[in-house]
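Q: Hi! Could you walk me through this model?
A: Sure, let's bring it up.

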Amino acid sequence: MAELSDEDGYLLVKTARRAAEEYVVSGRRLKLDEEFRRRFSEKRGVFVTINALRGREHELRGCIGLVQPNIPLSEALVEAAISAATQDPRFEPVRPEEFSNLIFEVSVLTKPERLKASSPKEYPNLIKIGRDGLIVEYKFLSGLLLPQVPVEEGWDAEQFLSYACMKAGAPPDVWLLPETKIYRFEAEVFTEEEPNGKVVRRRLI
């Protein structure tokens with residue numbers, strides 16, 4: 001997959017903001033122009049993260065996405081942006097007056113690949129912090145953490161695996177069980193530096 005340009009990142013982040021705001025304010029879905037649809041026609045997974053600025057700190061306000069590359073990125077982006085603003089079960093829906101204090105971030109994913117090892121104990125050696133995101137599937141449970149999370153939290157690979165298990169609602173050590181499935185993926189991450197501000201590429205490594 002070709003790397004996204006900085007201009008691509010700018011368009012994705014600002015479109016995510018517009019899609020979320022239009023839906024919250026008016027209840028309407030953003031109508032994408034044909035040029036944007038053509039530019040982002042490749043099927044990709046994408047997550048939209050919304051942070052509220054609290055002094056100098058960022059506080060998570062919503063984060064939802066589509067993992068599998070089943071629909072064009074342009075459409076997936078709008079779905080993720082609206083869902084992050086209105087459907088994250090951890091938070092109340094974003095209110096119209098909040099947008100001036102919100103920072104939008106877009107993560108465009110590669111297709112997840114299952115980790116294969118002769119023993120689950122080898123999984124930490126197959127994970128690179130700052131490059132990989134993780135998906136844990138255990139029985140009927142599933143949890144995902146984006147590549148930027150362990151960087152922000154200062155986790156090593158074992159901690160990353162444990163927290164991904166807990167994100168799935170499972171005990172932190174189920175990654176050691178042979179029936180647990182572990183997937184990794186990579187992401188290109190673009191974020192506003194401040195609410196509705198300049199968009200930059202996040203380098204995680």
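Q: Is the crossing of H1 and H3 left-handed or right-handed?
A: Right-handed: that is, the near helix is turned clockwise from the far one by less than a right angle (anticlockwise would be left-handed). Helices (H or I, at least four residues) and strands (E, at least two) are DSSP runs, numbered from the N terminus. One caution: this is a predicted model, where local features need pLDDT of at least 70 and side-chain atom pairs pLDDT 80 or more, while totals for chains, interfaces and linings use all residues. Residues are numbered from 1 along each chain as its sequence is written, and side-chain values use heavy atoms, without hydrogens and water.

Q: Cool. At what angle do the axes of H1 and H3 cross?
A: Roughly 50 degrees, with the axes of H1 (residues 6–26) and H3 (residues 73–86) coming within 8 Å. Axes are lines fitted to C-alpha atoms, for helices over the stretch in contact, and angles run from 0 to 180 degrees between N-to-C directions.

Q: Which residues make the contact?
A: Among them are Leu12, Ala16 and Tyr23 of H1, and Leu77, Ala81 and Ile82 of H3. Contact means heavy atoms within 4.5 Å.

Q: Switching topic, what is the strand order in the open sheet?
A: E4-E7-E5-E6, with antiparallel pairing; two strands pair if DSSP finds at least two bridges between them. E4 (113–114) and E6 (141–145) each have a single partner strand, so one side of each lacks a neighbour in the sheet.

Q: And how many bridges join E5 and E6?
A: There are 5. Val136 sits opposite Gly143 in E6.

Q: Which helix packs on the sheet?
A: H5 (residues 157–167), which touches E5, E6 and E7 (181–185).
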